[in-house]
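Please open the model in your viewer and keep the sequence panel beside it. The tour below goes from one selection to the next and says what is found at each stop.

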Amino acid sequence: MNGADAIKPIFEIDKLFVNYGHVEAVRGISISLMPGQIISVIGPNGAGKTSLLAAAMGLLPSAGDLRLDGESLAGVGVEERVERGLCLVPEKRELFGDMSVLDNLTLGAYSRRYPAAQFRRKLEQVYARFPRLAERRSQRSNTLSGGERQMLALGRALMAEPRVLLLDEPSLGLAPLIVAEILAIVRGLRDDGVSIVLVEQNALAALQSSDYGFVLETGEVALSGNSAELARDARVHATYLGGSTED
């Protein structure tokens with residue numbers, strides 16, 4: 001393969017800085033996401049993981065360069081980023097609790113302004129991926145279980161046809177079996193061509209579900225590498241995975 005044919009990153013974060021007043025939450029982080037790849041971002045609370053995603057989505061002011069398909073996102077607002085194919089599923093899911101499952105999914109499609117027939121096809125695709133949402137389509141979202149709310153948050157993002165999905169702590173507050181189900185869905189999205197940045201407190205689950213990983217500490221990349229290799233790294237294992245690599 002020559003240089004002209006080389007696969008290029010679909011999403012790039014280059015020397016990103018995020019400040020809260022005089023506090024630097026993110027300090028010069030650079031990350032590249034390839035098409036059809038999951039990269040995981042792990043690290044302790046306060047490491048800058050959520051700030052990284054919020055800045056990437058345009059929700060926080062930042063310095064540095066963000067590029068989608070090689071084009072800078074400087075000056076591009078949140079809604080236009082969604083229209084270009086970048087979507088965030090936030091840590092707190094931020095669903096409209098008094099609205100039905102269907103209404104929340106409909107809001108997810110707002111930026112696309114689908115014709116009616118195309119909207120119905122997209123909705124059926126989401127229901128096919130999340131059958132429980134189809135069963136509960138008329139149910140208010142604040143009556144769903146934690147796992148169902150996470151599925152709805154994912155489904156709402158998928159209604160916008162993202163090419164790059166930013167996932168902030170999708171396993172938060174969920175039982176282990178539900179975590180496994182959610183992360184299997186995430187891997188399925190990757191297999192269907194969605195590129196994903198996965199921020200996770202559950203380091204083992206994140207590394208098992210991703211292709212490449214980054215370890216953040218105090219706003220900086222402390223380690224990075226192939227996810228399987230990171231999971232075997234003595235420092236990562238001792239700090240985040242609960243023991244030595246000889247366990």
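## A pair of helices

Helices H6 and H7 run roughly parallel to each other, because an angle under 35 degrees counts as such, and in this predicted model the angle between H6 (residues 146-158) and H7 (residues 176-191) is about 15°, with the axes 10 Å apart. The crossing of H6 and H7 is right-handed. To display the contact, select Gly147, Gln150, Met151, Leu154 and Leu158 on H6, together with Ile178, Glu181, Ile182 and Leu189 on H7. Coloured by class, the contact of H6 with H7 shows 6 nonpolar, 2 polar and 1 charged residues.

Stay on H6 and select Gln150, which is found in that helix. Is Gln150 buried or exposed? With a relative accessibility of 0%, Gln150 counts as buried, because the cut-off for that class is under 20%. Setting aside neighbours within four places in sequence, the residues in contact with Gln150 are Val89, Arg93, Glu169, Pro170, Leu174 and Ile182.

## Either side of H6

Next, select Thr143, which lies in the loop between helix H5 (131-135) and H6. Thr143 counts as partly exposed, at 46% relative accessibility. Add Gly97 to the selection and draw a C-alpha to C-alpha distance: Thr143 and Gly97 are 7.9 Å apart in space, although 46 residues separate them in sequence.

Then go to Glu161, in the loop between H6 and strand E7 (164-168). Glu161 is partly exposed, with a relative accessible area of 35%, and has a positive phi of about 55° although it is not a glycine. As background to this stop, most residues other than glycine have a negative phi.

A further residue to inspect for its backbone is Lys15, located in strand E1 (residues 11-20). Lys15 is not a glycine, yet its phi is positive, at about 50°. Its relative accessibility is 54%, and Lys15 therefore counts as exposed, the class for values over 50%.

## The loop after E8

Which loop holds Gln201? Select the stretch between strand E8 (195-199) and helix H8 (203-209), and Gln201 will be found there. Gln201 is partly exposed, with a relative accessible area of 39%. When neighbours within four places in sequence are left aside, Gln201 is in contact with Gly43, Pro44, Asn45, Lys49 and Glu169. Glu169 is also among the contacts of Gln150, and can thus be kept on display from the earlier stop. For another distance, pick Leu172, whose C-alpha lies 7.9 Å from that of Gln201, while the two residues are 29 apart in sequence.

## Helix H1

Lys49, one of the contacts of Gln201, leads to helix H1 (residues 49-56), which is mostly covered, with 7 of its 8 residues buried. The buried residues of H1 are Lys49, Ser51, Leu52, Leu53, Ala54, Ala55 and Ala56. Move on to Gly58, just after H1, where phi is positive, at about 85°.

## Confidence along the chain

Finally, colour the chain by pLDDT, for which the mean is 92 and 96% of the residues reach 70 or more. Where is confidence lowest in the chain, and where is it highest? The lowest is in helix H10 (residues 234-240), at a mean of 85, and the highest is in E8, at 98. As a general caution, predicted coordinates should not be read in detail where pLDDT is low.

Technical notes: Residues numbered from 1 in each chain as written. Predicted model: local features only at pLDDT ≥ 70, side-chain atom pairs only at ≥ 80, totals over all residues. Heavy atoms only, no water. Axes fitted to C-alpha atoms, helices over the stretch in contact; angles between N-to-C directions. Helix = DSSP H or I, 4+ residues; strand = E, 2+ residues; numbered from the N terminus. Parallel < 35°, antiparallel > 145°, perpendicular 65-115°, else oblique. Left-handed = near helix turned anticlockwise from the far one by under 90°. Contact = heavy atoms within 4.5 Å. Nonpolar A, V, L, I, M, F, W, Y, C, P; charged D, E, K, R; others polar. Buried < 20%, exposed > 50% of the residue type's maximum accessible area, 1.4 Å probe, protein only. pLDDT = per-residue confidence, 0-100.
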